[in-house]
Amino acid sequence: MTTSEAVDVSVDAMIEDLRTLVEVESPSRDLDALRTSAEAVAAVVEARLGGRALIVDSEGGPHVHWSGGGTPRVLILGHHDTVFPLGTLARRPFLVEDGRVTGPGVFDMLGGLVQAIHGLAALEDRSGVEILVTADEEVGSHSSRALIEERALACGAVLVAEGAADGGAVKTGRKGCGTFEVSVAGRASHAGLEPSAGVNALVEAAYQVLDIAALARPEVGTTVTPTVASAGTLDNVVPARATVVVDVRVESADEKDRIESAFAALAPHLDEALITVRGSVGRPPMPESAAAELFAVARRLLPGLEGRAVGGGSDGNFTAALGVPTLDGLGAVGGGAHADHEYLLVGSMAERARLVAGLVNAIRSA
C-alpha cells in the first residue's frame with residue numbers, strides 16, 4: 001500500500017489545529033506557558049482521537065500522554081516546547097501564504113505533531129498506539145527521559161514527528177549531543193596597581209577554549225564548539241571568574257567516552273587557577289541501524305523517500321539507544337528550525353500524515 005492509497009486527511013483541518021497550537025506560545029522552562037500549551041495539545045488530541053489525553057506534571061513542564069488502548073505497539077513521539085520567547089508571535093504571527101505556513105514552532109515541531117494526530121485520526125482502529133508530547137525536549141529532556149524510555153520499551157517501535165531533513169528526507173541517524181560548562185576560578189586584583197597579584201580567569205579561559213576546540217575530530221563526525229563565554233566584572237579588575245559553554249556532537253559511543261574523559265581531565269595553565277567542569281553527552285548517538293527496519297517500511301509506503309543521518313539530536317536518540325526501532329524526521333517538510341524564517345510546506349502535509357498512518361498500520365500488522 002502506498003500513501004496515496006491510504007487514509008484521507010484534511011489539510012484545512014490540520015492548518016486550523018496548527019494555528020491553535022502555534023498561537024499558544026510555549027517557550028521551554030516557562031512553566032505557566034507550557035501548562036497552557038499542554039492543555040491546548042491535549043484538547044486537540046482528544047477532539048481528533050477521542051479518549052482522554054493525560055497531562056503528566058514534571059519539573060520541566062507538563063507532558064501529554066494519550067493511548068488508543070489495547071496492547072502497546074507503537075509510540076508517536078513529539079514535544080510542544082519551542083525555543084522562542086514569549087512575544088515572538090506578536091512580531092511573527094501565524095501566517096499561511098504562497099504554500100507556506102510560518103510562525104514560531106511550525107516546523108520544530110508543532111506541524112509534525114498535528115500531521116501525526118490527523119494521520120492517526122483517519123484510521124478507524126487506533127488501538128496499540130500511544131502519543132507522548134513532552135515539554136522539555138529543547139532543553140535536554142531531563143524531566144521526560146525516563147517516561148520516554150518507559151513508553152518506548154513498552155511499545156517496541158517509535159515514530160518521531162520531528163521536522164524532516166532537507167528535501168523531505170526522514171532522519172535515519174543522529175549524532176549524540178551534549179553541553180559542557182567549564183568554570184574558571186582565579187583571583188581578583190586591581191588591573192592597574194597590582195595586576196600580578198591576581199589570577200586572571202579570563203586568560204585561563206582563553207587557554208581552555210583552545211584546548212577544548214582541539215578535542216574535535218571532524219573526520220569521525222565529532223564536533224566540539226565553544227559557544228558562550230563570560231568573564232569579569234569591571235574594566236579595571238583582573239577577572240576572578242570565567243565560564244565557557246561548549247556544544248558537543250558525536251557519532252559513536254567511543255567518541256562520547258573520549259570526550260567526557262577529556263573534559264574531566266582539563267587542567268589549568270595558570271598557577272592557582274581552578275577548573276570545574278559540568279555536563280555530559282546527554283543524548284546518546286542514534287545509529288542508522290536503529291532506523292533500518294522502519295525506513296524500509298516507509299520506503300515501501302512512499303517510494304523514493306530518502307533517509308539521512310543528521311547532526312542534531314532529538315528524543316529519538318534515547319529510544320534508539322535502548323535498541324527500540326526508531327524512525328525520525330517524519331514531521332513537517334520545510335526548514336528554518338530555531339530561526340525567524342522557519343516554515344512548513346502546505347503541499348506535503350497530507351502526504352506526511354498518510355505516511356504516519358501507513359507506518360502505524362504496518363507496525364501493528366507485522
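The following legends describe views of a predicted model of one protein chain.

**View 1. Overall fold and dimensions of the predicted chain.** The protein chain contains 10 helices and 16 strands. Along the principal axes, its C-alpha atoms occupy a box of roughly 80 × 45 × 35 Å. The radius of gyration is 23 Å, which agrees with the value near 21 Å for a compact globule, because the chain has 366 residues. Of the contacts between residues at least 6 apart in sequence, 80% link residues at least 24 apart.

**View 2. Surface and charges of the protein chain.** The accessible surface amounts to about 15,400 Å², and carbon and sulfur atoms account for 51% of this area. Buried residues constitute 52% of the 366 residues. The chain carries 29 positive and 49 negative charges, whose mean positions lie 3 Å apart.

**View 3. The largest nonpolar core.** This core comprises 66 residues, and those with the most contacts inside it are L18, L120, L159, L327, L359 and V360. Elements giving two or more residues to the core include the helices α1 (11-22), α2 (31-49), α8 (292-301) and α10 (349-365), together with the strands β2 (63-67), β3 (74-79) and β6 (129-134). Helix α4 contributes the most, with 10 residues. In soluble globular proteins, nonpolar side chains tend to be buried together.

**View 4. Surroundings of L359.** When residues up to four places away in sequence are not counted, L359 touches L159, L294, V297, A298, L301, L327 and L330. Among these partners, L159 and L327 are listed with L359 as having the most contacts inside the largest core.

**View 5. A separate nonpolar core.** Apart from the largest core lies another one, of 19 residues. Its members include A242, V248, V250 and F263.

Definitions and conventions: Residues numbered from 1 in each chain as written. Predicted model: local features only at pLDDT ≥ 70, side-chain atom pairs only at ≥ 80, totals over all residues. Heavy atoms only, no water. Helix = DSSP H or I, 4+ residues; strand = E, 2+ residues; numbered from the N terminus. Rg over C-alpha atoms; globule rule 2.2 N^0.38 Å. Buried < 20%, exposed > 50% of the residue type's maximum accessible area, 1.4 Å probe, protein only. Contact = heavy atoms within 4.5 Å. Areas by Shrake-Rupley, 256 points an atom, 1.4 Å probe, with all protein chains shown as cover. Lys, Arg positive; Asp, Glu negative; His and termini not counted. Charge placed at Lys NZ, Arg CZ, Asp CG, Glu CD. Core = buried A, V, L, I, M, F, W, Y, C linked by side-chain atoms within 4.5 Å.
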